[in-house]
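Trainee: I'm new to this one, and I'd like a close look at a single part. Could you walk me through the sheet in chain A and how it fits into its surroundings?

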Amino acid sequence: MVEATTLIEALELNAARRPERGIHLIDGRGRAGEGRRYPDLLTSFQAAAARLATHGVRRREPMLVALPTSREFIEYWVGGLFHGALPVAMAPVGSAGALAVHLQKLDDVRTRIGAGTVVCSESLRDEARAAGLEELAGACVTAAELDALTPRPDWKAHRAEPDEIAFLQLTSGSTGRQRAVQISHRSALHNARGIDETIGHPLGGPASEVLQSIVSWLPLNHDMGLIGCLFLSLIHGFDLWLMQPKSFLARPLWWLKHLGEHGPTLAEAPNFAFQLCVERVDPEAARDLDLSNWRAAMTGAEMVRPETIDAFCERFGPVGFRPETFRPCYGLAEATLAVTVDGVARGARTLSAPAGTDHGFGLTDIVSVGQPLPDTEVGIFAADGTRVRDGSIGEISVKGPSIFSGYYNDPEASAECLVDGWLRTGDLGFLDSGELYITGRTKDLIIVNGNNLMPHELERIAENASEGGGSRRSAAFSIADGADGERVVLAVEVSETDADRLATIEREVRLGVGHTVSVPLADVVFVRRGRLSKTTSGKVQRNRVRQQYLDGKLERLTVSVPAPTAVEDRDTPQ
Amino acid sequence: MSKQDDALALLAEISGHPAAEIDREKDLVADLGLDSPKTLRFLVDLEEKLDVEISDEDAAKMSTVGDILDYLVTTG
């Protein structure tokens, strides 16, 4: 068999090899539409590429795609790839007051990576204009406008080199800090092949030979959705059943129903999705499910919790779900997607948490996230840069063909995490018998519902809230909340002690965080100035503050009770 | 029940806050504690119940209970 060396070749080969399979979109009521087969999709990718050429998108130029999961997203994102542009998917707009922040982020990313084109909806462009973001609105083009263009007649598919950058993946992060991960054709193909082989191995062959379909609700800007679902299908020829993230979050039952209906199936999701199914799927409705064809359930992108795995197996075992279907994994966008995957399929295996495990995650047992993908090496390093022996905790580092070549236009950030050919992940863990176990993080990252949040983004909100003027100091960190995963706490230094004033600040902090990242805060703790632990250089030590919070040693400010008259003054009807 | 009553009943159910406490000023995330799965569940429930479609951009503009009630008025 001819081996493809670029994603474009892989898609062409797949359309010839699996002409009967394709992509099926599930609508907002949970029903599957007609679907389009790979040969037809291939033609549409080429046409989309030729229309992007007509529109003036240049080769090697980043091109933002800010669309929900849809025909248009798939056509223009992959079309951009065929054209030789660098497609970049933007996260869909959040809900509940998140529009303003979303537009700002989009404009910021556009400027930073120099994207001349933003493919988006008509209403997004209108909102950009209404917000006074004229340059952003000017860069916007709708899929309908592109559809109406005549493909440039002299257009030819880009003949890419394997080591050329194929596309960019945005890391999560605050305004001004989002980084674009450069992924080459070689890395993307290597990662997808590694997943196909490792998932399929215990089932008797590559997953794409043994299984038929993938059912996914993951957003396509997320590495697990883009690489693990869309590209795995486009390259290896699964039938892909794709639903909106919104549909799953509102109706998890629909995901499970489709998982039972399309032959032997693979699905991937973060831990919280399995927890959501346990909590939200009505046991009565679950009785009609048949999950016996669900052969592999990859769980990763956040801490894999044994209690979630157990609860899911118990709830859905009676309708055919088998414990060995769970395949824990670990990865990050800088490694294309997967670093390790459970290639044994004998059910989740745990070890009791060793000394040094981060208590903040509330783990007593740690799930193995499997072995490194083929040609991939995982090393555990101590803080002084030496490798530690098996069983000892250190920073997880990765080497192999799936590792990214750096952040786009950001050599400094690239040099920080690519050291001597190793990708320093910022995650902590240990190896035992060749399997990886995750115990915490060195990087100050918070993961809620599979979304990565940067603490400094939340802290900036706290420091500026209610005329703070950025002079306050604060620490954002996460705490474990049992099966619910991580919850966010903000500790804020204030000079004020008046209860009313503190209530105002707290409310502004909660509103600011809510409208920026759509996350309710578990707690806002006010402390006296100077009480948050800092390094000698004055940097707040989030991990120490969190430990003090967990140990009950973070001294909450005793507020002064306002005089009764003040209360009456305030208490006028609105 | 009016559309507004339907919306308030759904908010009470999903947020776990008694309906009587849910006034126009309440913020969905900061006051009612709706994270994104809960907010999306509310939107999809509302779309189904009222047989309307709420665009992502419209949904992203609603931050308070009042925003939702006003939106339902403008959509007739």
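Mentor: Let's get our bearings with the domains, keeping in mind that this is a predicted model. Domain 2 and domain 3 of chain A have their C-alpha centres 30 Å apart. Along the chain, domain 2 of chain A covers 349-443 and domain 3 covers 446-570, while domain 1 takes in 7-338.

Now for the sheet itself. Nine strands of chain A make up an open sheet with mixed pairing, and if you read across you get β2-β1-β10-β9-β11-β12-β13-β14-β17. The edges belong to β2 (36-37) and β17 (371-372) of chain A; each has just a single partner strand, so one side of each has no neighbour in the sheet.

Let's zoom in on one pair. In chain A, β9 (residues 213-216) runs parallel to β11 (residues 265-269), and two bridges link them. Here A:I214 sits opposite A:L266 of β11(A).

There's a helix to spot here too: α10 of chain A, residues 223-236, lies across five strands' worth of names, namely β1 (22-25), β9, β10 (239-242), β11 and β12 (294-299) of chain A. Its direction is at about 150 degrees to β9(A).

Finally, chain A has company. Its contact with chain B takes 28 residues from chain A and 23 residues from chain B. On the chain B side, α2 (36-50) and α3 (56-61) each give two or more residues, with α2(B) giving the most, eight residues. Sorted by class, that side of chain B has eleven nonpolar, five polar and seven charged residues.

Methods
Residues numbered from 1 in each chain as written. Chains lettered and ligands numbered in written order. Predicted model: local features only at pLDDT ≥ 70, side-chain atom pairs only at ≥ 80, totals over all residues. Contact = placed C-beta atoms within 7 Å. Helix = DSSP H or I, 4+ residues; strand = E, 2+ residues; numbered from the N terminus. Nonpolar A, V, L, I, M, F, W, Y, C, P; charged D, E, K, R; others polar. Domains from an automatic or database assignment. Pairing = 2+ DSSP bridges. Axes fitted to C-alpha atoms, helices over the stretch in contact; angles between N-to-C directions.
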